[in-house]
Each structure stands twice: as C-alpha cells, then as structure tokens.
Amino acid sequence: MNFCRFCVTQKNRIGVFLLLFLQTSFTLSAQKYPYKLFTIKDGLSAMQCTSVFQDSRGFLWITTKNGLNRFDGKTFKRFYTEDGLENNTRFSKIVELPNGEICFMNGKYLMFYDNISFKKIALPREVETYQFGNGLYYNHQKKQLICITTKDNSRIPNSVFTYSLTSRKFTRHTFREISKGYSFSPEYFDSNTQVYYGNSINTELVSEDVYTYDSNNNYKKILETYPRELASFNYSDDNQIVAKYRNEGGTIVYDIKEGATEFKKWLVLDKNDNLNVVSVSKRDQLVANNNKIFYISKNSQDLNLLNEGFVAVLSSVKSKDEKLIWMPTEKGLLQFTNNGIRHFDEKDAEYVWSVTEDDKNDIWMLSFEAPLKVFNGKSVRTENGHLKLFPFVGRNKNIHTVSDANRFYFSAVKDKRGGLWLPNSSSQILYKNGNFSMPNLYGAYYNYYDAEHDYIFQGSALGIGVYPAFSPEKEFFLHGGKELLSYPNYMYIYKDRKKRYWLGGWGGMNRFETFADVFKKKSKEYSQAKKNIPFRGFITMFEDVDGTLWTGTVDGLYYYVESSDSWQKVMSNQIKKFVTLIGQVSDDKLIVGVEEGLMILDRKKLKANQPALIKLYNYHNGFEGLEPGQNGLFKDSKGRLWITSGSVLSVIEPDKLDLDNNALVPYIEKINKKNISFFQKDALVLKENEIHLEVGANGFNRPMESQYSVKVDGGNWSSWQKSSEYFVSALPNGIHLIQVRAKTEGILDENLLPVDLKVDIQAPFYKSPNFALYLGIACAFLFSWFLYSFFKGRYEKRKLAEKERTINYLQIQTLQAQLNPHFLFNALSSLQHLILKKETALANNSLTKLASLMRGYLESSVVANNPRIQKNEISLRHKIELLHSYLDLESIQHQDKFDYQITFSEELPLDSIKLPPLIIQPFVENAIKHGLVHKKGKGSLHIKFEYAEEVLVCTIDDDGIGRAAAAEIKRRSEHSYKSYGTHLVYERVKLLNESDYEINIQTIDKLQGTTVIIKIQQKYED
C-alpha cells in the first residue's frame, strides 16, 4: 500500500489526530511477511475453514464447511460422512484427550477418533451442533468434556453439559442466578483455572456484563459492556483468551488474557472500523478485521498488513514453538511464518536484478525492463529521472530508445562521494546530487567500485572499462580476446583481501596481482582451456573472515586452495548446478543461493568437507523468491541482506533469521492397508509375515522432499527414500520392532527421533519365511529316503538273489552228496546180486525204490530252483516217502546191519506241514554211514516226527558207535566214506534262517549212539 496516498486520504476523512495516530501505530510497509494459503488445490476439502487445532503429535486438524481435515505439513487427509462423520458442515472446536483421541461435536453426536474409526455418542438435544461456534473443552481435573452450545436467541442462556469419560454419561450443569432476573450464559471454559467466562443476560436485555463463574460457584464481574450487546470469546491452544465486546462508550474493544494474567485492553476499533493496538502482547499475533489480516509482533504495537480480501475469525493458533501461526479463513487455511525474511510484491519491486543504497539510506531497486523503484523504509516510489537521458546514440552507433531505459543489470554501486553507478545494458547511468548522467555510452553489465583507488570497473560485452569515479572520461579498457580471455559478456569483477583483481565471468577469469598489473595488462588466466579450473565458468565470489575465497559456478560451490592454486568442490552431492550468490549471515555461517533456494551453511564444516547444511529456505518455509538472482545479494548499512530472485525481492534480517531446523516427526499411518490407532501400545497382531508400511511425517519446515528410512529388529537403517511406502517381507513368527525415521532431503541425519511400533507375527507355517527352505530340506530328505529305499531294495534283492543262488547251490550239492557214486554203485551192485540170485521180485522192488528215490531228489531239486524262497518246500508226507525209499535201499546194501523205524502220530497233518527239502536226509545218512555200519552186530535207527505249537520236531536216534568213534575211524582210514551233506545242510540252514526261517539243529552224543533233533518253525502265507 502506498503510505503517502493513504495518509492524504485519511487526513481528509478523519483529521489530523488520526493521521498522527496512524503514523505511530499503523505502520504501512511495502515489505510483506511470508505466508502460505492452503486451498482445495493443496488438498483441503473446502475453502471455508472454521477452526484449526494442533494436537500433541503435530497434526493440524481443520474443520471446514465441507468435511474435517488432518494436515501433517505436506498432505491433507480428508474425512466426510462416508468416513464416519455425522455431518460435513457442523463442527465444534476440537480437543485432544490424554490418550491421544481427537474429540469434537459433529451435528447430533459427540465424536471420538483414534485414527481407525469414528465413535459416536448421541448429544443431548440442547447441545446439538447446528452451526459453528459451539464450544468443546476438556476438564483434565475431573476427566470430563464440557459442551457449550450457542443459542440463536440471545435471551436464552447457553446450555452446558458435561460428559464423564469414566461413567460415559452426560450431566446437565446448572448455574444459579447472578442476581434476581439475571442468568449466566457461559461462553468459554478455562480448564487451567476451572473458570467459566460468560455473559449476564435477562429477558429484558437491560445489562449484559461479562462474569466469571469459578469452581466454588462464585460470580465475579470482569467487564462492563454496552447494553443489549453480548461479548464473544476467542481462544488459542496456549490458554490465550480474547474477549470482544462493546464498552459502555460504544467502542468495540478486544481484551486479551495471556496465561494467568488478567484481561487487558489490547485492540480498539475506531469509528471507521479500523484496528488500533493500545497495548502489547507477549506473543506474535494474527488478527482479522474488515476483510484484512494483520500481523502484530510480540511486544509491539505495530499493525502490519498481511493480506486483504480475507474474511477470518479474530483469533489464530500458534505452533508449539510459536514460529508458525495458522488462521482459518474463508479462502483457505493461512499459515504465517515469522522467520526474519520479508519480501516486496512484484507490483512494488518487479523483477529486480540489482540493489544499492544511497546516502539517505533509501534502497534503490533496479529491474530488468521494469521501472526503477526507491524504497524509503515506509513506501516505494517510482524513479523516472533517468528517462530524460533517452533516446541517445551509443558508442556502437545504435539508437537506444526509452524502452531501453529500464534494462538494468548486476551490481549497482555507490562511490565515496555518494554517486550511484547504475548498470544498464544501454549505458552506464550515474545518479549524483539528484541528477542522472551517462558517463560512458556503452552497456554496463556489472559494476565494481574499488574504494582504495576510487575507480570504477565496468563490465561490458566487449571487455572491462576501468576509470576514476571522479573522471570517467579517463577510461582504460581491457579488451576481450586480447588482454582478457575471449567471452561474450564480462559480468563479474571482484577484489580480494590480497588486493588481487578477478575479472571475467562464466567463461573464466583473468587474475591481476596488483592494481598496477591491470594497466600493464599482466594477468593469469583461469579457464577450462588452460585446464586450471574444474568447472565451466565463474558466477560469483565471496571472501570470508578467514580469507577463504568461495566461488559460485555453473557446476557447484568451490573454494580456492591458495597453496596449490587449485579449486576444491564442496557439497557435491547436494549442490550440482548453479550457485548464483554467496554471502554471510554471521562470521561462521554462509548464505548461498542455489536452484532450490537459500542455503545456510556452517562455514567451518563446509571447508572440512563435513555435512554443513544448517537450513534451506525456499517458498515452502518463508523465502518467497524463486531462483535466487545472479550476484543478487546486497548488504545495506543496517546489516540487512537484500536478495533478488526470479519472482520477488526479499529482505533478510540476519539477527532475526530462524536457523532452527525442526526435525520431522515420523508416524506410521497404516500396516497392510489398515490404520494404526493413535494409542497403539501393545504389539500389533498380524496373521501374515509380509508387511506393507505406509508412513508419514509431521513438520512444517519442508523446503525439499521428505525422506524416510526404516529399521527392523535393531538391524541397519534402510537407505533414504522419498516414497512413503515400505515393504518388509519374510518376517518369522514372533514379536518384531519396526522403527521409522524421517527428514527433509539434504538435512543432516543427526538427532532424528524414530517412531517405534511392535508387531506380533502369527502367520501360518506355510507363510514362514523359511518355509521354502524347510520344504526344500523335506523334499531333499524324502528324495534321499526314496533313493536310499530304492538302492537298499535293489541291494536287498541282489543279496536275496545271492542267497537264493547259494541255497540252490547248496541244495544241489546236498543232492549230489546223496547221489554220490558210492551210493549208486552199491545200490546197483545190490540189484545185480539180487538178479544173479534170481530174486527177481526183490530186485524189481529195489529198482523201483531207487527210481522213486532219484525222482524224488530231482523233484526236490526243481523245487529248490524256484525263485521264491517261501515256496522251496515239500510236504512232510513226501519227505517220509523219500526217507522210506532211501532207507529201504540202504537196508538192501547193508543187510543185517540195522533196522529202521519211522514213527509219527496219526493226527499229524502230513500234507499241510511243509519243510525245506534235503534238511533231514543228510543226518539220516550220517547215522547209517558213520554210526550203524561200523557197529558190531545189528543196530537200530528210529526217526520220529512230532508237531507242537506250529513247530515240526524231527528226532533221528541211532545206537551206533557214536561220533567220537566214527571220527577216529575216519582219521585212520584214508579211503573211508566222506559225507558233505551235513556240512552243506548247516550252510543252508544259516542262510534260510537269515531269510526269515527258524530252523534249529541239535546233536546229542549218547553212551551208545547219537541223537539229532531238528526243529522247523512252520511258515504260512497270508
């Protein structure tokens, strides 16, 4: 606003007194405080905001005319009736309960929200929320909510109901009369002092003063008000109360109570409805009046216009650190930031490229193709005096018209005589003693004033002109491509503390060691062609208090290493492009202009190549400029920093600059698409081991993108990522600790406090992270068992086949032993003897027995070659028949040597009892050949078969000479009969027993003869 024009208008309207008052109390300045207005474009559910509240987690809760909103500084989460609200328009103010629940009145219900769902409690009809204004308060001493409703009919007192969080019941709170006929209508409850604030009313509306009502049921008048008008109350979360009322004189007054202090007059509306500050507040304040929003700094009576055209409530809500203030308005949610940075709107300072200061401490703002402006500290004026110099014919014979007059460039300077050298692409312009002139008729792109020698260095398209400030005509020119490296435009000039001159620009630099060397045209070139700079060109320079020369380039930030005549890059991961300006806000802190905004850097850490970013400012957190301007930093006589940009001109007061970099506060919003309760303390039970995390962070200082990192069970933090979604897979069953941290990109990782959440994984076994491993092991085991069984079966089969072959071999050997040549020769000799004696019948009978015996042996051999062992058996009947045939033949051969007898019970099932062939025969043979044949006299042989408990017992008993005598005879006779049958039988029995038979052979030596007992367990097939 133009201060002068405003003053003239007001003087005509309200007189000299008000003019003087406004001059002292209503400071109008072209400088604007930074603020942001969040609207539906940012995700807000509606433009019309009715209240705002910040909870203990840092969330902002905004009620609007179309839904409830939760804001974390970046994202709005919206709630409507389909999400559980009863109504999208009727909200009370919001409170937070000790357990973290958010509570508010919504239409006909009292609502509780735990970040999972809305729980509804029906309100008494008297406190039903029909419109905004109903109060909700929390009485922490009694653990109850206090609901106050505003009546449309001011003659009826407001209703108060308390809701006990213990009994979950509503109770109507009644107030006794203040005095006869006067009732108390409560408006506000102060939870800290347990005091109600409200109006005194009666049906006649005679007097409506303001009273308090304390916990002892006592009334106290605190304000006297104008008859028939009620006071209203606004409050903030920090126990600041503002009472608006009309006093007895008819003036609208705003009284403020901050903390435990009493009310004091704060604001007054004059007859023209203009606000006046009559006393200071302890805190920064935003106030609204007549569609305007004002900022009042703490301990100040100055009203600073923030914006016009805004309908808003009087009060606002401050952040916990009081650096931010939020105000609900009809055009969205307003966020005010008081961080020591202000700016000029483009209408006041349009596209400024250069700033300087004159002897009156007025600030000159030079724009490119916009009028020249001058700011006197209160208002901005347009300066057109230089236009009279146009048109003119320049040194290059080109005509420069009035349209060229406002093409100002970089680095306007002031000489020691107060002359302002204003660089213009058409010509150098000098302002001195109120007059404009053109010292040189060629374009000036950059000015540098050498105060030591009182010389002006003027950069241009063709080179750099050097001339005395008091005598510009004595110009000495350094030509590009000759004395200077070749470059289209020379737009940077700097002199360091060693009195070296750096002249050049984006293409490189020429360094002159002394002032004299400039005129000797003796310099050292720094360029990529010379390969002595690692970047493409210079943009800006700054020398700090320690003499370090910092350089902004098109490729990042560098400093000059004097010892090696080289350039060292810093912050290569964060600063990769243009560095447009460098300065300092204090001896140990640099300010650097980069594409993202303004960086505040720790100078010592920066040079030590340590993380050095203290804070980044841009349009997200209070610096309204877009892309800081090239060489666009100017420090005025008051120490303020003026920063040009592609949008607005900003002013920074370094001592007021907020350098605290408030950390983001992370939160876990959802796990596997399900919201997490605000007061989730115990481990969250999950039936699956794949976790999908949706996280976020609370914080209103986000100059760059937020980043997140996750850690599980004390492991390593994951790498930083911008996505707010994480996947944690293959968690084994049991309790796990998940931690999340958040930060703004580029900010140090130090002092980041994570949020913790425990989860109890109870997934089915087949969802175990090691299930595939276990399954693989099981499959490997089963496969190994299969292979083992397969090869074992093959081995057993081979082994069984080998046994069968051995048994068959032994069986054949046994058979051959029974059919040995001696036996056959003797049998045939006996037959021959019978034939010669013409005992034909006996010979035929013997021949028949021999044939039967041989046939039986052969049949046994065939049975023995059967591949199934359990089938290699003959019946007991067949066996007895073979024994009779054999013994009859032996009796013929050994007449009068023995008698034999085969006995068995008649009940014995001869056909059912089975036994392996050629087991008994060899022992019968032994009894005859080794026992009975050598006996003097006739012997006897008794073979007995018995059967008990499925065991066949065969007893072979002879009364021959016995085994010891037979062994002695065998030893003395080389040609005695050798029987291999019994040996082969024992081998067969051993193998048969290994093949699941049970055969036992016992030999008993008697005084006269031998007894052999053979027991064969019967085997049956199922």
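Is Asp911 buried, partly exposed or exposed? Asp911 counts as partly exposed, because its relative accessibility is 46%, which lies between the 20% limit for buried and the 50% limit for exposed. The model you are looking at is predicted, and this report walks through some of its local features.

## A salt bridge between a loop and a helix

Asp911 has a charged partner: its side chain meets that of Arg877 in a salt bridge, with 2.8 Å from N to O. Asp911 sits in the loop between β69 (898-904) and β70 (914-915), while Arg877 belongs to helix α7 (residues 876-893), so the pair ties together parts that are 34 residues apart in sequence. Arg877 is partly exposed as well, with a relative accessible area of 37%.

## Salt bridges with buried partners

The count of salt bridges comes to 45, and two more of them deserve a visit. The side chains of Asp658 and Lys615 form one, at 3.4 Å from N to O. Here Asp658 is in the loop between β59 (649-652) and β60 (665-671) and Lys615 is in strand β56 (residues 613-617), so the bridge ties together parts that lie 43 residues apart in sequence. Asp658 is buried, with a relative accessible area of 13%, and Lys615 counts as buried at 4% relative accessibility. If you follow the shared partners, salt bridges join Lys323, Lys615, Asp658 and Asp660 into one network.

The other pair is Asp496 and Arg500, whose closest N and O atoms are 2.9 Å apart. Asp496 counts as buried at 5% relative accessibility, and Arg500 is buried too, with a relative accessible area of 6%.

## The loop between β34 and β35

Where is His386? You will find His386 in the loop between β34 (380-383) and β35 (392-393). At 1% relative accessibility, His386 counts as buried. The side chain of His386 makes a polar contact of 2.7 Å with the side chain of Asn406. Setting aside residues up to four places away in sequence, His386 touches Leu372, Ala405, Asn406, Phe408, Ile429 and Phe436.

The loop between β34 and β35 also holds Pro391. A cis peptide bond, with omega of about 0°, joins Phe390 and Pro391. For context, most peptide bonds are trans.

## Positive phi angles

Most residues other than glycine have a negative phi. Against that background, two residues are worth a look when you check the backbone. Asn115 is not a glycine, yet has a positive phi of about 80°. The place of Asn115 is the loop between β9 (109-113) and β10 (118-122), and Asn115 is buried, with a relative accessible area of 2%.

Ala730 also has a positive phi, near 60°. Ala730 is found in the loop between β65 (725-728) and β66 (734-744). At 37% relative accessibility, Ala730 counts as partly exposed.

## Phe38 and its contacts

Phe38 lies in strand β2 (residues 35-38) and is buried, with a relative accessible area of 6%. Leaving out neighbours within four places in sequence, the contacts of Phe38 are Leu44, Phe71, Phe76, Lys331, Gly332, Leu333 and Gln335. For a long-range pairing, take Phe38 and Pro328: these residues are 290 residues apart along the chain, and their C-alpha atoms are separated by 10.0 Å.

## An enclosed helix and a nonpolar patch

Helix α8 (residues 921-932) has 12 residues and reaches 15 Å from its first C-alpha to its last, close to the 16 Å expected at 1.5 Å a residue. How many of the 12 residues of α8 are buried? The number is 11, so α8 is largely enclosed by the rest of the structure. Among the buried residues of α8 are Phe923, Val924, Ile928 and Leu932, and Glu925, Lys929 and His930 are in that group too.

On the surface, by contrast, Phe781, Leu782, Phe783, Trp785, Phe786, Tyr788, Phe790 and Phe791 make a nonpolar patch of about 960 Å². One of these residues, Phe790, lies in helix α4 (residues 771-818). Phe790 is partly exposed, with a relative accessible area of 40%.

Technical notes: Residues are numbered from 1 along each chain as its sequence is written. This is a predicted model: local features need pLDDT of at least 70, side-chain atom pairs count only at pLDDT 80 or more; totals for chains, interfaces and linings use all residues. Side-chain values use heavy atoms; hydrogens and water are left out. Helices (H or I, at least four residues) and strands (E, at least two) are DSSP runs, numbered from the N terminus. The expected span of a helix is 1.5 Å times one less than its number of residues. Buried means under 20% relative accessible area, exposed over 50%, partly exposed in between (1.4 Å probe, protein chains only). A polar contact is a pair of N or O atoms within 3.5 Å; within protein, one must be able to donate a hydrogen and the other to accept it, and residues adjacent in sequence count only if both atoms are side-chain atoms. Contact means heavy atoms within 4.5 Å. Patches are made of residues with over 30% relative accessible area and no salt bridge: like charges are joined within 9 Å, nonpolar side chains (Val, Leu, Ile, Met, Phe, Trp, Tyr) within 5 Å. Accessible areas come from the Shrake-Rupley method with a 1.4 Å probe; for residues, only the protein chains shown count as cover. A salt bridge is a side-chain nitrogen of Lys or Arg within 4 Å of a carboxyl oxygen of Asp or Glu.
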